[in-house]
Amino acid sequence: MKNPLQFLSGFFMVTIFMMASLVATAQTTKDEFLSKWQNSKQFTIDVLNKMPDSGMDYKTDPAAMSFKEQIHHIGTAITGISQGFLKGGDPGFTIDLATASKADLAAFVSKSYDYGTATMQALSDADAGETIEVFGNNVSRRQVMALLMDHSTHHRGAAIAYLRAEGVEPPAFVGF
């Protein structure tokens, strides 16, 4: 009887240790996240720069956002969500999409990512872990940061599909 109990005890200890180590290693530090965030910024600008001026108003469907609207939406979401949920102040910049050039849009997206970076860096660990209501969900500010990354990836992916539909080879993905 002692042998099976020792086995079970050891098994449970190993299981608990493995689960604890998975939890510890599954987390991304703020610095790691912000490094990936900078890659996201550059990749978004690279995608924008690949589209010829003639394709900026391209839509896959009349009800869909145009290519430039997809890119613009990435920037406006970063600033709006950072300001509304990550304690960001007034970003201090805007853009008139109707009259903006591709270079203006690239500058806007760059500033939007930089503003998101600044708001994320300014969050204390306690602020980042605080649970708040966002779009009807109770989530931490860290989850809002992840939402911004996912949202940017989603719309950049749509923009990449637009490039391909226009016969343009998208930039190569850079993971890290």
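Glycine 167, just after helix H6, adopts a positive phi of about 80° in this predicted model. Helix H6 itself spans residues 141-165 and contains 25 residues. The distance from the first C-alpha of H6 to the last is 36 Å, close to the 36 Å expected at 1.5 Å a residue.

H6 belongs to a protein with six helices and two strands. Along the sequence these elements occur in the order α-α-α-α-α-β-β-α. Among contacts in the protein with a separation of 6 or more, 71% are between residues 24 or more positions apart.

The protein has 176 residues, of which 38% count as buried. Its exposed area is about 10300 Å², with 59% supplied by carbon and sulfur atoms.

The largest nonpolar core comprises 39 residues. Within this core, the residues that touch the most other members are Trp37, Phe67, Ile71, Leu105, Met120 and Val144. Two or more core residues come from each of helix H2 (30-50), helix H3 (67-85), helix H4 (102-122), strand S1 (131-134) and H6. The most is given by H6, which provides eight residues.

The surroundings of one of these core residues, leucine 105, were examined further. When neighbours within four places in sequence are left aside, leucine 105 is in contact with Leu48, Met56, Lys68, Ile71, His72, Ile95 and Leu97. One of these partners, Ile71, is also listed with Leu105 among the core residues that touch the most other members.

Conventions. Residues are numbered from 1 along each chain as its sequence is written. This is a predicted model: local features need pLDDT of at least 70, side-chain atom pairs count only at pLDDT 80 or more; totals for chains, interfaces and linings use all residues. Side-chain values use heavy atoms; hydrogens and water are left out. Helices (H or I, at least four residues) and strands (E, at least two) are DSSP runs, numbered from the N terminus. Buried means under 20% relative accessible area, exposed over 50%, partly exposed in between (1.4 Å probe, protein chains only). Contact means heavy atoms within 4.5 Å. Accessible areas come from the Shrake-Rupley method with a 1.4 Å probe; for residues, only the protein chains shown count as cover. The expected span of a helix is 1.5 Å times one less than its number of residues. A nonpolar core is a set of buried Ala, Val, Leu, Ile, Met, Phe, Trp, Tyr and Cys residues joined through side-chain atoms within 4.5 Å.
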